[in-house]
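Open the model in your viewer and keep the selection panel at hand. The stops below go from one pair of residues out to whole chains.

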There are 2 protein chains.
Amino acid sequence: MPYTPTLAWKPLDGAEEAQLVAAHAARMERYAAFLRIPSVSALPEHAADCRAAAEWLASELRRIGAQRVEVSETGGHPIVVAERIEDPALPTIVIYGHYDVQPGDPLDLWKTSPFEPIVRDGRMLGRGSADDKGQILIHLAALEAMLTVRGAAPVNVRYVFEGEEESSSVNLEAWMRAHPDRCTGDAVIISDSGFFDGNVPALTVGLRGITYLQVDVRASDVDLHSGSYGGSVINPANALADMIASLHDTQRRVTVPGFYDDVTPLSDKDRAAFAALPFDQVAYLAGIGANTLYGEEGYSSVERRGGRPTLDVNGIWGGFTGDGSKTIIPAHAHAKISCRLVTDQDPEKIYAAVEAALRAAAPAGLQVEVTNLGNGHAFLTPLGDPYLDAAAAALTATFGREPLYIREGGSIPIAALFQRELKLPVVLLGFTPPDDNAHAPNESMDLGNFEGGIRTVIRALDAIAALD
Amino acid sequence: MPYTPTLAWKPLDGAEEAQLVAAHAARMERYAAFLRIPSVSALPEHAADCRAAAEWLASELRRIGAQRVEVSETGGHPIVVAERIEDPALPTIVIYGHYDVQPGDPLDLWKTSPFEPIVRDGRMLGRGSADDKGQILIHLAALEAMLTVRGAAPVNVRYVFEGEEESSSVNLEAWMRAHPDRCTGDAVIISDSGFFDGNVPALTVGLRGITYLQVDVRASDVDLHSGSYGGSVINPANALADMIASLHDTQRRVTVPGFYDDVTPLSDKDRAAFAALPFDQVAYLAGIGANTLYGEEGYSSVERRGGRPTLDVNGIWGGFTGDGSKTIIPAHAHAKISCRLVTDQDPEKIYAAVEAALRAAAPAGLQVEVTNLGNGHAFLTPLGDPYLDAAAAALTATFGREPLYIREGGSIPIAALFQRELKLPVVLLGFTPPDDNAHAPNESMDLGNFEGGIRTVIRALDAIAALD
């Protein structure tokens with residue numbers, strides 16, 4: 001496999017660069033081996049694959065010289081932990097990633113097979129290449145280079161690689177409380193984010209929270225003949241459409257009572273920061289094959305994504321979905337709905353409000369079940385944090401320009417969890433290109449981002465060691 | 001298999017009754033053999049099964065002594081035709097049924113397997129037992145008994161058994177025009193309807209029409225990460241819910257412009273006839289496991305089903321529908337929607353109006369495709385028609401009470417087709433029990449209805465022969 005990254009980065013001075021160059025081919029083979037394990041946490045039939053990915057990762061950590069490597073049980077998929085404690089007097093950095101991935105479907109839209117990774121045009125293609133297995137391997141390659149060349153890391157590191165991030169990290173909080181010795185330190189680096197449009201290096205300083213639910217509605221025991229019954233009984237599919245439609249007004253504001261109560265309005269400074277971000281509307285739309293921007297009136301597209309809460313249907317189904325026509329009234333219909341939340345919105349409170357709004361919009365006599373499938377708080381890192389500055393210096397040294405500071409639309413519940421539970425500074429130092437197709441067909445990682453990421457991590461740990 | 005029908009009927013006088021009793025066991029075996037062929041016309045993978053059902057039926061017609069038996073090609077599934085012309089001076093009755101069936105899904109709600117028929121508690125269970133293979137076999141058994149005992153039928157009969165009734169009879173009209181000699185006569189008997197609540201013998205004198213469509217909406221090339229994109233692009237699933245919700249108002253009237261333009265308002269006489277029909281709300285709801293009646297304000301339940309047009313979602317799908325959570329904005333979403341129509345509504349005009357309403361309700365920039373999957377006109381038989389009276393007399397003689405005259409909510413496009421194209425009187429003489437679960441899991445035919453149906457057909461043909 002030729003070594004042809006597409007994003008320029010500056011080599012390290014000295015022997016670590018030589019080690020990294022020499023190890024490149026083997027590193028690519030291990031990258032592909034990791035991606036071949038279909039560790040889809042959301043699908044019960046992949047539970048064994050999740051465990052296999054955890055074991056693979058533990059074995060890799062042992063190989064490179066990490067200490068106290070353990071596949072630690074949770075109520076669900078295990079968490080892989082390891083550490084390298086060089087000296088109790090040095091700062092200790094907790095490094096987080098996740099080895100689970102999104103499902104591979106819809107398979108017919110992949111140009112390659114999601115779990116048969118391949119390098120093409122300077123990118124690694126495959127599910128998890130960017131989100132988040134590739135970013136875990138960036139940290140492992142950095143540690144391997146430092147231990148090989150120096151025999152030590154410049155700071156103490158603790159690795160926490162979970163297996164349920166794509167399933168709302170349902171067991172992580174309890175695990176952290178039960179294992180404080182495996183996740184305490186001076187600061188946390190989370191590598192599960194990416195660069196800005198144009199592949200510009202960036203540090204994510206804001207993330208949205210999330211609440212995810214499923215609504216199941218039923219009106220009869222069996223599908224009914226739409227001629228014999230049509231017009232005289234509730235049609236659950238029509239009712240569900242009505243219920244979903246009722247959640248937005250014509251300005252695309254969410255109508256759920258209380259939804260905006262805890263949303264801090266965007267300040268003039270916030271809006272200026274959003275306006276300063278480069279945004280190429282034509283490229284943005286062309287990148288996803290969309291015709292138009294769309295969303296809450298009164299806000300720009302970057303504000304809508306980074307600074308405002310949303311409500312989206314993630315899936316909907318009911319009745320006859322095959323070819324041709326079947327004249328039934330479905331017995332039941334279903335939807336998965338999630339809200340992206342901004343700071344100060346409480347996910348549990350919003351979940352309850354959406355459930356209540358769905359029930360209020362349902363016709364009397366319809367059976368309605370609502371299930372919470374996961375919650376996560378929103379997150380903000382204060383500008384000027386010394387660990388954030390160390391990461392920024394490492395990015396600048398590696399990629400030759402100051403990073404942008406961005407507030408992302410996605411959710412990494414653990415970011416808020418570390419911040420809220422452990423009271424630690426949290427830096428989101430992520431490396432994926434903005435066109436990584438995470439959560440979509442044809443996910444890929446630019447190998448320039450990947451290789452530059454390794455150098456950035458080494459430089460960042462050195463910069464942290466130099467903090468007074 | 002014991003001979004235990006649950007609905008009482010009166011035996012024929014004479015040798016035909018003895019022939020029918022003697023042939024019962026063999027008849028049940030043939031009934032099961034016919035049901036074992038999964039002739040699902042809507043699913044392309046069952047095309048060969050549809051042809052097998054047609055060939056089985058043709059072979060059966062030859063066995064009992066029908067003439068000019070032919071499996072006649074159409075652009076889709078073939079039509080089985082046959083006749084028995086005793087004397088050109090006698091009236092000729094065209095008898096219609098359909099050998100295709102609804103899909104078997106959802107399989108998990110069947111107590112038995114849909115295509116492994118079984119007799120239990122006086123019923124034949126299986127897909128097609130009632131709709132409509134069982135009713136075809138009623139006619140064949142009647143002809144077989146008459147030919148065996150008398151050597152002749154009392155009138156001329158022409159059989160037209162199509163294979164696309166559950167797919168909106170898309171090829172039937174063209175076939176009829178190309179084969180006028182196979183479907184002309186003095187009157188038409190269609191056996192694809194049933195008895196009224198309580199299994200009361202009934203003649204269906206009204207049927208609703210139908211237009212069936214699929215709407216496909218798309219906003220991007222691929223599924224998008226709901227965090228990175230949520231709030232800034234159109235969500236096709238939300239948009240489709242909005243579009244569907246816009247088709248009804250809060251009184252459950254259809255809001256499609258022009259929808260009610262050609263609907264003849266119910267007269268006082270119509271409303272009196274509907275009010276005279278026995279309707280047990282508790283039993284009706286319990287029979288389907290529903291909590292409540294529901295529908296257009298200002299109309300009774302029987303009026304809503306028989307006398308008013310409706311719009312129902314038959315299926316809806318899009319995005320992630322597996323277990324757990326996947327945080328995507330779907331690239332596309334889909335629904336199947338059909339309208340039941342009443343006399344004077346033109347299906348093509350209503351289809352165009354619904355398509356226009358869906359497009360008008362879609363946000364700008366959403367790609368919307370609408371496809372017409374079938375149309376059928378509504379139908380009314382005038383009370384006092386002599387062939388209707390002959391059928392009523394046969395029902396009365398067989399089941400010991402006058403039939404009800406009902407307007408059904410379902411659609412049999414061929415009824416309007418014969419009436420409109422061939423200008424023939426059409427009598428809907430159907431025998432299924434009202435709890436037959438047609439189009440649903442656990443479809444079944446009461447063997448009392450089945451056996452009584454055979455006697456009724458013999459009596460009806462004799463009564464028609466006696467018309468002056």
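Which residue in strand 14 of chain A is the bridge partner of Gln214(A)? Select Thr371(A): Thr371(A) is that partner. Strands, like helices, are DSSP runs numbered from the N terminus (E, at least two residues, for strands; H or I, at least four, for helices).

This is a predicted model, in which local features need pLDDT of at least 70, side-chain atom pairs count only at pLDDT 80 or more, and totals for chains, interfaces and linings use all residues. Residues are numbered from 1 along each chain as its sequence is written, while chains are lettered from A and ligands numbered from 1 in the order in which they are written.

Next, select residues 209-218 of chain A, which are strand 9. Nine bridges join this strand to strand 14 of chain A, and the two run antiparallel. Strands count as paired if DSSP finds at least two bridges between them.

Now show the whole sheet. It is open and antiparallel, with eight strands in the order 14(A)-9(A)-13(A)-11(A)-11(B)-13(B)-9(B)-14(B). Strand 14 (367-376) of chain A and strand 14 (367-376) of chain B are at the edges; each has a single partner strand, so one side of each lacks a neighbour in the sheet. From one strand to the next, the twist averages 20°.

Select helix 7 of chain B, residues 236-245, which packs on the sheet. Helix 7 touches strand 11 (310-319) of chain A, and in chain B strands 9 (209-218), 11 (310-319) and 13 (332-341). Contact means C-beta atoms, placed from the backbone, within 7 Å. The direction of helix 7 makes about 15° with that of strand 13 of chain B (axes are lines fitted to C-alpha atoms, for helices over the stretch in contact, and angles run from 0 to 180 degrees between N-to-C directions).

Colour by chain. A turn of 180° and a shift of 0.0 Å along the axis lay chain A on chain B with an RMSD of 0.0 Å, by least squares on C-alpha atoms of residues with pLDDT of at least 70 in both. That is the relation of a two-fold axis. Of the interface residues of chain A, 99% are also interface residues in chain B, so the copies meet through the same surface.

Finally, select Ala391(A). Not counting residues up to four places away in sequence, Ala391(A) touches Leu203(A), Val427(A), Leu429(A) and Ala460(A). Then show chain A alone: chain A has 14 helices and 18 strands, and its C-alpha trace spans about 80 × 50 × 45 Å along its principal axes.

Definitions and conventions:
Contact = placed C-beta atoms within 7 Å.
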